[in-house]
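Dear colleague,

I am handing over the structure we spoke about, and I would be glad if you kept it open beside this message while you read. My notes on what was found follow directly below it.

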Amino acid sequence: MFIYTEEIEQNLLKKSNMKNKIRNFINNGDLRKVRFWIQLVSFVLFVYGGYLAINFGSSFPIFTCPYNQDVSATCYLISLQHQLALPSKILFSPAFIPIFIGLLTFLAWFIVLNKAWCGYMCPFGTLQDWITSLRKKIGIRFSVYTRHHFEQLSKIKYVFLTIVLLFPILIGAGVISNNWSATFCQMCPARVISPMFTGDFSQWSIDFSSKTNMILTALGISFASLFFIGSFVKKRFFCFFCPMSALHYIFANTSIVKFKKNGSKCTRCGDCYTVCDMQIKDIADDVISTNILRDDCILCLKCVAACPEDDALHFDIFNIKIFSSTREGFEKRMNVGFNIKNDGETDK
Amino acid sequence: MSIETNHHIESPKEKQNRHKAMEAISLLNSLREDFKAPIESMEYFYDLFERVHCKHESLHDDKTKIGTMCIQIPSEIIYALDGVPIRLCNGFYTDDEIGSDFMPQKACPLVKATVGHFASNNFTDKPDIVFSPTTCDQKTKAGSMIESFGYKFIDVDFPRTKDSEASREYWRRSVKQFALDLSKFQGKKLTKANLKNAIKKIGYAQSLYNKLSDFRKNEVVPILGLDVFLVTNAFFFDKIDNWIEATQKLISELEIRAKEKISPAGKASPRIVYTGSPPIFPNYKIPQIIEESDGIIVADETCSSNRMFNDMVAIDEWNMYDMMDSMSDKYLKACTCPIFTKNEDRIRRVIQLVRDYKADGVIYQAFAGCTVYEMEQRSVLEAMEKEGIPILYLESDYSPSQGGQLSTRVEAFLESLKTRRRNKK
C-alpha cells in the first residue's frame, strides 16, 4: 500500500516536471519564428488550397476571398451578404435555416481560435505583415495614429459592418436595386488584391454597368491602392478597418480561447503597448479587466512575448494557460545579455 | 625666538571629508562584521564605497560626468552619448547639515544633503552638467539654488500625472529634448547603434538585478537587504562594466549559498518588504535597525533600488524614435514615485512584492519633510489593512540621534510578525 502511493507520487512528480518543461519550452519560444511559419503555411493553404481540391466551406472567419478562384475557403462576409439579400419573405420563412447554419459554421470556426484567426491565419493580415517586413528591411520607420485619430478611425470598422449587414437586407426588401449586391465586396480591397496571388489582375477595373457599381468598384480600387500605401507605412493598416474584425469582437466571448491579464502583476511599463501593431492602449493601462481582448486586437500575442512580468499576460484555451509572459522568455527573446557589442541585427 | 608650529588647521572641506568618511566607515564596518555568514564577493562593494567616500578616490577622471537628480533621467542616453551618469541623491548627515543653511527647517533631508553637497563643492567625481527632472517640489526648487552655486544645471520637464495621454506625449518630448541638450553638450550625435548598445547594457544590468532578487524569494534568503541596497546604490556612480562583473560574481556566490542554505538571517526572521523614502548610502538607518533586530528585507519598493531596475525595455523595431519612446514610457508610466496625483500603481506594486517574496509585513519609511511620502502613508496603510498585510509606518531623518526610539518600534513590530506567523501555524 505504501509503495503504491509512493509510485503514484513519483508519477505525478514526473508528470508535473514534464508539464513544466513543456510550459517553459513554449514560454521561452521565439514567437516571431513560430508566427512566421504558421502564417506562411496558412497563407499557402488558404490561398492556393483550391489547387489541391481542399475546401473548408463558405463560412470562413477570415478574408479568404473567392474572387480568387483557387482559395480553399470562402470569407463568411460574402456568404452572409448573399444570404441576407434573399427577398424578405424568404428571409423570415423556414428558408432562413441555411442562414442560421451558415452562422453556426462561422461560429464553429471562430470559437476555436478567437481573434487569432487575424493574427495567424488571415492571408490578408499575413500580406500586411510581409509588407511590414519589406519596409523594415528598407529601414523606414512605421507611422502611428495619434490617440485622437485612433479613436475616430476605430469606428470605421463598425460602419463597414453595418454596410455588410444592412445593404443586403435593403436589397431583399426591394428598397435598393440589385446593383448593390454584395455591397461591401465591391468596395473591399481583398476582392481586388486576392486574385493577384494567382496572377489575375482583372479586378483592377471599374465596373461601368451602372452608377452604383461604378462608384463601389472605384471605391474598391482606391481602397486597394490605399491598402498598399497604408500597410507600407502603418503596421496592420487594414485590420483597423476590417468589418470581419468587428464581427469577431461581437462573438469574442463565445470562444474557448481567452486573452487574459493579471493587473496586479502589471507595472504599466508599456512594453506591450510599444510592440502592439494595433496601438491598443488598454493592454498596458488597464489593470482592472481580466479579459483584455479589445475589438482591434488581432491576437498576435506579440505583447505576451514582450511582457517581462511573470504571468501578467496569458493566452488561455479552456482556461489553461497555453502561452504566458515570463521574465525568462522575455530576456531570451530580447537577447538580454547577448549582443552587447553591436553586431548588427541579431534581434530581427 | 621662533616657535615651530607643526599642527595643521583643518579646512572646512577636510572636516567635511573626515565626517563623511566616519559615517561611511561605521556603516561599512557594521556590514562587514555585525552579521553572520558574510558574503565574500560583497567585499568589492564595501571596498568601492570605502575608496570613494573614505579615501576620496575619483572613478571617472577621463569621462564627462553627467549628474542626475532622480531616476527619471534615462541613463541609456547618457551612456549612448559617452557620458557617465552620476546620481547625486545624497545620504550623508554631514551634507544634510551643510544644506540646512539653504533649505527650510522642515525640508527633506535627502534634498538638504544634496544641496549641501553642491554647496560644499566637494566632489570626488564632480558633475560637468546636471540634469534634473522636475519631480517633487523640493528637488524642483532646489535646482535654481544649485544653479546659483555656479553649476550647469538643466531642468527636464516631468509631468505630475501619468494617466493622461497628454502626459505620455509630454514626457516623450522632454526625453527627446534631454537627448538633444546632452548631445549638444557632448558634441556627439546620438546614433541608433549607440543607443541600442546602451539599452542592451542597461538591460543586462537589470536582468542581473532581477536574478539577484530571485534569490530573495527563497525560503532561506542568502543575502541581506542591506547588501542589496549597497549593490544598487553602487549603480549610482560605479563604472558599469565593473558593476556588472562584480554582480555576476555575487550571483554565482549566491547560487552556492542558496544550495547550501546559508543565510545571514535566522530561521524565524520575519520577511520584510521595505517601501518609502529611499535609503541612500550611508543613511541605511532603518534597514540597519530592521536587520539588526532579526528581520530580513526580502524586497523593496524604492527609487534607490527596485524601481531603478525592474522595468526592462522592449522594442519591436529598433528605430531611434521607438527606442526613445519605449524608454520614456518606462520612466514615467511604470514609475511609482509618490509625486503623482494618484498612485494605485505603487500600492499594487507593494502588495505584489509581498506576495511574490512571501513577506510577513511591510515597513514604510518616510523622511520627515518628504511631504509626498508622508501624505501617501494613509492610503498605503489603508490598502494594506484591506489586504491583511501588517505594516509599520516610520518617520526618520538623517540624524544619528533617534536610534533608540526607532529600534523599539521596529523590534515590537518584528516580534508581532513572529507571533502572527506562529499562530498561523
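A:Ser143 sits in the loop of chain A that runs between helix H7 (123-138) and helix H8 (147-153), and with a relative accessible area of 34% this residue counts as partly exposed. Please keep in mind, here and in everything that follows, that the model is a predicted one. If you follow the chain from A:Ser143 to A:Phe232, you pass along a stretch that puts the two 89 residues apart in sequence, although their C-alpha atoms are 9.3 Å apart in space. A second pair can be set beside this one: B:Phe158 and B:Gly369 are 211 residues apart in sequence, and from C-alpha to C-alpha they are 21 Å apart in space. B:Phe158 belongs to the loop between strand E4 (153-156) and H7 of chain B, and its relative accessible area of 4% makes it a buried residue.

Next come the salt bridges, of which the structure holds 51 over all chains. One of them joins the side chains of A:Arg268 and B:Asp345, with a distance of 2.9 Å from N to O. This pair crosses between chains, since A:Arg268 lies in the loop between strand E1 (257-261) and H14 of chain A, while B:Asp345 lies in helix H14 of chain B. Are these two partners buried or exposed? Both A:Arg268 and B:Asp345 are buried.

Within chain B, the side chains of B:Asp95 and B:Lys20 also meet in a salt bridge, at 2.7 Å from N to O. B:Asp95 is part of helix H4 (residues 93-99) and B:Lys20 is part of helix H1 (residues 12-33), both of chain B, so this pair ties together parts that are 75 residues apart in sequence. Here, too, B:Asp95 and B:Lys20 are both buried.

A further salt bridge links B:Arg172 with B:Asp329, whose closest N and O atoms are 2.9 Å apart. Because B:Arg172 lies in helix H7 (residues 165-186) of chain B and B:Asp329 in helix H13 (residues 320-333) of chain B, the pair ties together parts that are 157 residues apart in sequence. B:Arg172 counts as buried at 14% relative accessibility, and B:Asp329 counts as buried at 2%. Both residues also belong to a network of salt bridges, in which they are linked with A:Lys281, A:Asp285, B:Glu165, B:Arg168, B:Lys176, B:Asp325 and B:Lys333.

A charged residue without such a partner is worth a careful look as well. A:Asp316, in strand E2 (residues 313-317) of chain A, is buried yet has no salt bridge, and the nearest side chain of opposite charge, that of A:Lys260, is 4.7 Å away. That distance does not qualify, because a salt bridge requires the nitrogen and the carboxyl oxygen to be within 4 Å. The side chain of A:Asp316 does, however, make a polar contact with the side chain of A:His314, at 2.8 Å.

Some details of the backbone also deserve your attention. B:Phe281 and B:Pro282 are joined by a cis peptide bond, with omega at about -5°, and B:Pro282 is found in the loop between strand E5 (271-276) and helix H11 (285-292) of chain B. A:Gln279 has a phi near 55°, which is a positive value in a residue other than glycine; its place is in the loop between helix H14 (271-275) and helix H15 (282-285) of chain A, and it is buried, with a relative accessible area of 7%. B:Lys358 likewise is a residue other than glycine with a positive phi, near 45°, and it is found in the loop between H14 and strand E7 (361-367) of chain B, but at 51% relative accessibility B:Lys358 counts as exposed.

Finally, there is the second largest pocket, which has a volume of about 750 Å³. It is lined by 30 residues, and those closest to its centre are A:Asp310, A:Thr326, A:Arg327, B:Asp214 and B:Lys217. The largest share of this lining, 6 residues, comes from H8(B). By kind, the lining residues divide into 4 nonpolar, 12 polar and 14 charged.

With best wishes

Methods
Residues numbered from 1 in each chain as written. Chains lettered and ligands numbered in written order. Predicted model: local features only at pLDDT ≥ 70, side-chain atom pairs only at ≥ 80, totals over all residues. Heavy atoms only, no water. 1 Å grid on protein atoms, 1.4 Å probe; cavity = no way out; pocket = protein on both sides within 12 Å on 5 of 7 lines; lining within 4 Å. Points joined across faces, edges and corners; volume = space filled by probe spheres on them. Helix = DSSP H or I, 4+ residues; strand = E, 2+ residues; numbered from the N terminus. Nonpolar A, V, L, I, M, F, W, Y, C, P; charged D, E, K, R; others polar. Buried < 20%, exposed > 50% of the residue type's maximum accessible area, 1.4 Å probe, protein only. Lys, Arg positive; Asp, Glu negative; His and termini not counted. Polar contact = N/O pair within 3.5 Å; in protein donor to acceptor, adjacent residues only side chain to side chain.
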